[in-house]
Structures are given as structure tokens and as C-alpha cells.
Amino acid sequence: MTAKKGRVFSGARPTGKQHLGNYLGAVHNYVALQDEYDCVYCIVDLHALTTVEDTENLKQNTYEMALDWLAAGIRPEESIVFIQSHVLQVTELHTMLSMVTPLGKLTDLPTFKEKVRMQPHNINYGLVGYPVLMAADIMLYKTNAVPVGVDQAPHIEFTREIARSFNHRFKTQALIEPEMKITEAPKVIGIDGQQKMSKSLDNHIEIAATPEETAKRVMMMVTDPQRQRRSDPGNPDVCNVFSLHKIFSSAEEVNMVNVECRRAGIGCVDCKKLLAKNLNAHLSPFRARRAELAQKPEYVWEVLEDGNQRARVIAEQTMVEVRAAQGLP
Ligand code: ADP
């Protein structure tokens, strides 16, 4: 095996079965990064507690998400896949980092303000501290790079600032300032044709859905709103079905749709049928592998437990340095 470039860390809240947005925006990249980096992928269930009010599905959602990740090609022999709350050191580091974090910075972050707008009835302390816990997640595992979309960039910048101020204050090198690896992943729009694909908006298409369910969701997709009748020419540039064709269909098909839609040579129904067919063909190997893995649910839990143990070893090494740097007895 060739030498890896360093360690990558990424976390995702346990949202259960993954949708096309998660797949194209994150999971696909997680799989690819394994070729170049030593990867640590964390299911951040503690983070989920800041926004989830009903926790009864957390365990099932953790399982379903891990199953999707493994079926999509995350290799647990190489990469560490684990559950945040099973490595207690993260809460310890979070507390320590909170002492070097100016409160005003946290309340100024756009993501915090957004959460306040979204859940005004539940502005809990954890929401303010979310970026500190995220910084602890990242630095606990001596991470060199974090793959992020542009919206998460301020959090990583913030992590770097915390690392600098901690290292400076305690005259140590215990915390590594992680690099930002900006991903060029597309923002996937939901079947409503307007908003980002998301489970909470129920505008998503699950990658583990059956071919029939997939076709049904694709047929519900909102296309160019100006195109009222079959005989009207359409505009692929504003159509989300076309955006997905560009990802899942062949170059000839993309070209055909592009030309024929504009002169009403193809209707939205046929265009969607073609997309559903190609989407199902693309996801078919993933679905077969998922069905195979789902035969042994204990396998997924074993992978996670093994990941927890490997993560704990790295975490404890970091904490030995961090505790010593602060002069704790
Ligand atoms: P989190 O709060 O952990 O980001 P999400 O379920 O919202 O949880 O997202 C998990 C990952 O999937 C993130 O990396 C996010 O950027 C990506 N993702 C989610 N929805 C979309 C989407 N519609 N388009 C592109 N990427 C998405």
C-alpha cells in the first residue's frame, strides 16, 4: 500500500437511511478519500442531541446510516467508523477547549444564528457549544484534513483558532491545526425542485429504496415550472431532473434530453422514466451489497465496536498530551 497523505476526519449526525444528497454530497467522497488518506468517520450522536427531540430512533438511525456507508464502499479494515458517544474523551476535550473559547465568537457564528431562527423554542447550551464539540471531535484524532462544504468552512477556521490559542496558552503542540479540504460536491436539490434535498423536508430519494419506490419519487419531481403542457418547450437549465441526468445518465442521453426538452421532443414523463432507470441501474450494486450486509445486522455493530476501540486508542494518546500540557495532576 502507498503511504497515505495524513488523517482525514468527518462526522455526520445519525440521520438513518441516506438520501441522494448525503450520497453525492458526502458518502461518495468518504469512499474516494480512503485511497489517499487514513480516514476516521464518526457518527456524531451527541451532536444529534442538540436538535433531535425524539431520540427513540437514534439507535436504528445509527445502524441504517452505517449500513449505507459500508455498502457504499467504506472499508472498515482500513478506515475507522465509530460512534461519537462511545469515546468519552471527546467530552473531556470539549470541556477543556471550552475554556479557551471566547463566548462571543460562538454566538456570532452564522450557523448558530440559523439554529436560533429554526428552533427558537429550544436554544440550548449545547447549540452554542456545538462548534467546540466539533473542534474536539476533529483534534482528538490528530486530524490533518477535514472535508467540508463551504457552509462548514467557518467551523474549521474556528477549530484552527482554538488549536492555536490552546497550543499557545499551554506551550504545547498537542493539538493539530486541521487543513480544510473544500469539497466540490454538488448541492443536491430535492424533488420539490427548490430546496436542498433533506429528510426533514420529505423531498428526498433514499439510496436504499426499492427500484419501484425510486421511480415513484422520481415521477413526483417538480420540473421546469414554465412548462405547463407536453407540447410546451422546456428549459433543462432550470430543471432538477436534468441536473440528475447530468450525474446519472450517459453523455448521449444528457445531450438528447438537453436538445429534445428544448423543442418539446421529449416530455417530462419520459424524461423522468429514463432518469429512474439510470438511477436504479447506478444504485443496483450498492443495493445488492446492502441487502447482503443486512442479513447479518450484528456485523454492522461489530464494525462500529471495533471502530470505537481503535478510536479510543488514538483519543487517549491525545488526551495524555493534552492533560499534561495543562498541568493537570
Ligand atoms: P449533518 O448535520 O451531519 O451535516 P446531514 O444529514 O444534513 O447531517 O448531512 C450529512 C452530509 O450530507 C453532510 O456532509 C452534508 O453536507 C451532506 N448533504 C446533506 N444533504 C445534502 C444535499 N441536499 N446536497 C448535498 N449534500 C448534502
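About 160 Å³ of space lies in the second largest pocket of this predicted model. Helix α4 helps to line that pocket, and α4 also packs against helix α13. Here is a quick tour of both places.

**The second largest pocket**

- Three helices, α2 (45-48), α4 and α7 (125-140), each give at least two residues to the lining of the second largest pocket.
- Helix α7 makes the largest contribution to this lining, with 5 residues.
- If you would like to find the pocket on screen, look for L46, H47, L49, T50, T91, H94, Y125, G126, G129, Y130 and L133, which line it.
- Sorted by class, the lining has 5 nonpolar and 6 polar residues, and no charged ones.

**Where α4 packs on α13**

- Helix α4 covers residues 89-98 and helix α13 covers residues 297-325; their axes lie 10 Å apart, at an angle of about 30°.
- Because angles under 35 degrees count as roughly parallel, α4 is roughly parallel to α13.
- The crossing of α4 past α13 is left-handed.
- On the α4 side, the contact residues are Q89, E92, L93 and M96.
- On the α13 side, they meet R312, A315, E316, M319, V322 and R323.
- The residues of this contact comprise 5 nonpolar, 1 polar and 4 charged.

**Two sets of α4 residues to keep in view**

- What does α4 bring to its contact with α13? Q89, E92, L93 and M96.
- For the second largest pocket, the lining includes T91 and H94, and α4 is one of the helices that supply at least two lining residues.

Technical notes: Residues numbered from 1 in each chain as written. Predicted model: local features only at pLDDT ≥ 70, side-chain atom pairs only at ≥ 80, totals over all residues. Heavy atoms only, no water. Axes fitted to C-alpha atoms, helices over the stretch in contact; angles between N-to-C directions. Helix = DSSP H or I, 4+ residues; strand = E, 2+ residues; numbered from the N terminus. Parallel < 35°, antiparallel > 145°, perpendicular 65-115°, else oblique. Left-handed = near helix turned anticlockwise from the far one by under 90°. Contact = heavy atoms within 4.5 Å. Nonpolar A, V, L, I, M, F, W, Y, C, P; charged D, E, K, R; others polar. 1 Å grid on protein atoms, 1.4 Å probe; cavity = no way out; pocket = protein on both sides within 12 Å on 5 of 7 lines; lining within 4 Å. Points joined across faces, edges and corners; volume = space filled by probe spheres on them.
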